[in-house]
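Dear colleague,

I am passing on a structure for you to look through, and my notes on what was found in it follow underneath. Please read them alongside the coordinates.

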Amino acid sequence: MTADEIISYIEESRIRNITLTGGEPLLLSDFTQYYERAINEGFIVSVLTNVSMLTETAIQSLRKYPPRTVEISIYGMSNTIYQIMTGNGDAFHRVFSNIERLSDCNIPFILKYVVTSVNYNEIPLFIAWAE
């Protein structure tokens, strides 16, 4: 669906709260256009992401038009677990760096730990870090 079709459908249904998700919504080259269009149309917007692909352009958009929240999927507390879970151990550092960037910009976020048989033993580390 095009952005116009999506917005038209949502407007007709009288939905006011939406969550931009995917896969990974930050992979869309025009993410900020979709995001800002939804905000400007009066929607209350959340974004569900792992923030590994967060760009400066997206940060500036989120600062200018604050979301209800950015819901962040956390896959583990180490490079090793990120490598196993996502195939990209480097994502671990990007995710935690981008969480700091969101925090520094006062962009509201919620952390969501994705529990699996691979990462359950890191739950105490996650809780301690989140606190």
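Of the contacts in the protein with a separation of 6 or more, what percentage is accounted for by residues 24 or more positions apart? The figure is 66%, and I should say at once that this value, like every other one in this message, was computed from a predicted model.

On the overall fold, the protein contains six helices and four strands, which are arranged along the sequence in the pattern α-β-α-β-α-β-α-α-β-α. Its radius of gyration is 16 Å, close to the 14 Å given by the globule rule for 131 residues, so the protein is as compact as a globular protein of that length. The C-alpha trace spans about 45 × 30 × 25 Å along its principal axes.

Turning to surface and charge, the accessible surface of the protein comes to about 7,600 Å², and 52% of that area belongs to carbon and sulfur atoms, while buried residues make up 40% of the 131 residues. The protein has 9 positive and 15 negative charges, and the mean positions of these two sets are 5 Å apart.

Two residues were examined individually, and the first part of this account concerns Val45, which is found in strand E2, covering residues 44-49. Val45 has a relative accessible area of 1%, and because the cut-off for a buried residue is under 20%, Val45 is classed as buried. Leaving aside residues up to four places away in sequence, Val45 touches Ile18, Leu20, Tyr35, Ala38, Ile39, Pro67, Arg68 and Thr69. For one of these partners, Tyr35, there is also a distance to report: Val45 and Tyr35 are 10 residues apart in sequence, and their C-alpha atoms are 7.8 Å apart in space.

The other residue is Asn98, which lies in helix H5, made up of residues 91-104. Is Asn98 buried or exposed? Asn98 counts as buried, because its relative accessibility is 5% and the limit for that class is under 20%. The side chain of Asn98 makes a polar contact with the side chain of Arg101, at 2.9 Å. When residues up to four places away in sequence are not counted, Asn98 touches Val51, Ser52 and Leu54.

With these notes to hand, you may wish to start from Val45 in strand E2 and then go on to Asn98 in helix H5.

With kind regards

Technical notes. Residues numbered from 1 in each chain as written. Predicted model: local features only at pLDDT ≥ 70, side-chain atom pairs only at ≥ 80, totals over all residues. Heavy atoms only, no water. Buried < 20%, exposed > 50% of the residue type's maximum accessible area, 1.4 Å probe, protein only. Polar contact = N/O pair within 3.5 Å; in protein donor to acceptor, adjacent residues only side chain to side chain. Contact = heavy atoms within 4.5 Å. Rg over C-alpha atoms; globule rule 2.2 N^0.38 Å. Areas by Shrake-Rupley, 256 points an atom, 1.4 Å probe, with all protein chains shown as cover. Lys, Arg positive; Asp, Glu negative; His and termini not counted. Charge placed at Lys NZ, Arg CZ, Asp CG, Glu CD.
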